Amino acid sequence: ASLKDPNFEKLKEMLVQWINSTLKPKHIVVQSLEEDLYDGLVLHHLLSRLAGVHVSVEEIAVSSTAQIHKLEVILEELDKRLGQEDAGGLKWNVKLIHNKDLLATIHLLVAMVKRFQPELELPPDVKVEVVVVEVSNTSAQPEVTFPGCSVSPEEDPIDQLLKLEAHKVNTVKQAILHFINQKVSNLGLHVVDMDTQFADGVILLLLIGQLEGFFIPLHDFILTPCQSSERLHNMTLAFDLLHDTGLHVASISPQDIVSQDITATLKILYALFRKHRGK
């Protein structure tokens with residue numbers, strides 16, 4: 001009943017709009033407070049935009065361990081700025097946020113609005129009735145699994161990512177896309193669709209040159225490839241350059257990228273992103 005209260009729904013809507021307007025320059029779009037804040041990505045960018053604080057954490061944390069570590073660092077910095085360094089009285093913590101606790105997430109966001117944008121008028125006197133259910137006298141604890149999301153620690157982060165909901169995958173892709181466009185904008189380039197625009201190898205070669213700080217002679221590759229063999233020539237050169245710079249991505253071939261294999265393309269770009277972010 002509380003979740004359907006008009007005031008509560010209005011509060012959620014306003015918080016989503018506030019986040020999206022704040023992070024619009026980062027091309028990050030939040031759709032669900034429960035599903036989009038638990039991994040620390042959105043809170044990371046909010047901390048940077050609102051408080052000017054840049055913390056040394058993974059931009060994209062895929063594994064649960066990495067997400068929890070990221071949240072620990074971010075919430076520690078946020079709590080300082082919110083004047084809430086006494087953890088005993090807080091209505092949010094790392095565990096609650098990571099477990100997608102809606103009320104804890106909203107308490108944190110409301111505190112951030114009051115601190116960083118007090119002129120934003122949130123709905124007053126929003127009240128939520130909470131029912132706590134305690135299970136006792138159980139002889140065994142069941143194991144909870146999520147169909148289709150069982151991963152091992154050794155599994156590639158992108159393979160893990162692609163098992164998540166489409167809007168979460170898109171959020172990560174937008175973050176990588178923002179990084180790429182920052183690096184190639186001075187060449188007059190702008191990438192809109194990473195799934196297709198890297199297939200001929202041209203933008204990938206120019207991106208590698210920008211990131212690694214060297215010029216690739218134009219006669220070494222085909223600037224306007226029309227045939228599959230020309231695209232494969234460019235991509236093979238790109239892979240050779242990546243290998244020479246010490247970047248290796250297992251189980252991917254130049255033909256995979258030319259064939260517009262989304263997973264392969266994302267793995268290459270994510271590897272470049274991880275190596276060069278913050279430089």
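# Exercises on helix packing and residue surroundings

In this predicted model, helix α10 passes helix α13 in a left-handed crossing. The exercises below begin with that pair and then move to other helices and to single residues.

## Exercise 1: α10 and α13

Task: Find how α10 and α13 are oriented relative to each other, and state which residues make the contact between them.

Solution. Begin with the geometry: α10, which covers residues 202–212, and α13, which covers residues 262–276, pack at an angle of about 10 degrees, and their axes are 11 Å apart. Since angles under 35 degrees count as roughly parallel, α10 is roughly parallel to α13. Next, look at the residues in the contact, which are L204, L207, I208, L211 and E212 on the side of α10, together with I268, L269, L272, K275 and H276 on the side of α13. Finally, sort these residues by class, which gives seven nonpolar, one polar and two charged residues for the contact of α10 with α13.

## Exercise 2: α1 and α6

Task: Decide whether α1 and α6 are roughly parallel or oblique to each other, and describe the contact by residue class.

Solution. The first step is again the angle: helix α1 (residues 6–22) and helix α6 (residues 102–116) pack at about 60 degrees, with 11 Å between their axes. The range from 65 to 115 degrees counts as roughly perpendicular, and angles under 35 degrees count as roughly parallel; the angle of about 60 degrees therefore makes α1 and α6 oblique to each other. The second step is the handedness, and here α1 passes α6 in a left-handed crossing. The third step is to list the partners: F8, L11, K12, L15, W18 and I19 in α1 meet L102, L103, I106, L109, V110, M112 and V113 in α6. Sorted by class, the contact of α1 with α6 has 12 nonpolar residues, no polar residues and one charged residue.

## Exercise 3: α4 and α6

Task: Work out which residues of α4 and α6 make the contact between these two helices, and how the helices are oriented.

Solution. The helices α4 and α6 pack at an angle of about 45 degrees, and their axes are 10 Å apart. With this angle, α4 and α6 are therefore oblique to each other, and α4 passes α6 in a left-handed crossing. The contact is made by L75, L78 and R81 of α4 and by L108, M112, R115 and F116 of α6. By class, the contact of α4 with α6 has five nonpolar residues, no polar residues and two charged residues. A comparison of the residue lists shows that M112 of α6 takes part in the contact with α1 and also in the contact with α4.

## Exercise 4: S48 and H178

Task: Determine whether S48 and H178 are buried or exposed, and name what they touch beyond their neighbours in sequence.

Solution. Start with S48, which lies in helix α3 (residues 41–51). Because buried means under 20% relative accessible area, S48, at 18% relative accessibility, counts as buried. When residues up to four places away in sequence are not counted, S48 touches V53 and H54, and the side chain of S48 makes a polar contact with the side chain of H54 at 3.2 Å.

Continue with H178, which is found in helix α8 (residues 166–184). H178 has a relative accessible area of 18% and is therefore buried. Leaving aside neighbours within four places in sequence, H178 is in contact with P25, K26 and H27.

## Exercise 5: T196 and A66

Task: State how T196 and A66 are classed by accessibility, and how far each lies from a residue elsewhere in the sequence.

Solution. T196 lies in helix α9 (residues 194–197), and at 35% relative accessibility T196 counts as partly exposed. The side chain of T196 makes a polar contact with the side chain of D193, at 3.2 Å. T196 and I257 are 61 residues apart in sequence, while their C-alpha atoms are 9.0 Å apart in space.

A66 is found in helix α4 (residues 64–81), and at 25% relative accessibility A66 also counts as partly exposed. A66 and G40 are 26 residues apart in sequence and 9.6 Å apart in space, from C-alpha to C-alpha.

## Exercise 6: The whole chain

Task: Find how many helices and strands the chain has, and what share of its residues is buried.

Solution. The chain has 13 helices and zero strands. Of its 279 residues, 43% are buried. Among contacts with a separation of 6 or more, residues 24 or more positions apart account for 60%.

Notes:
Residues numbered from 1 in each chain as written. Predicted model: local features only at pLDDT ≥ 70, side-chain atom pairs only at ≥ 80, totals over all residues. Heavy atoms only, no water. Axes fitted to C-alpha atoms, helices over the stretch in contact; angles between N-to-C directions. Helix = DSSP H or I, 4+ residues; strand = E, 2+ residues; numbered from the N terminus. Parallel < 35°, antiparallel > 145°, perpendicular 65-115°, else oblique. Left-handed = near helix turned anticlockwise from the far one by under 90°. Contact = heavy atoms within 4.5 Å. Nonpolar A, V, L, I, M, F, W, Y, C, P; charged D, E, K, R; others polar. Buried < 20%, exposed > 50% of the residue type's maximum accessible area, 1.4 Å probe, protein only. Polar contact = N/O pair within 3.5 Å; in protein donor to acceptor, adjacent residues only side chain to side chain.
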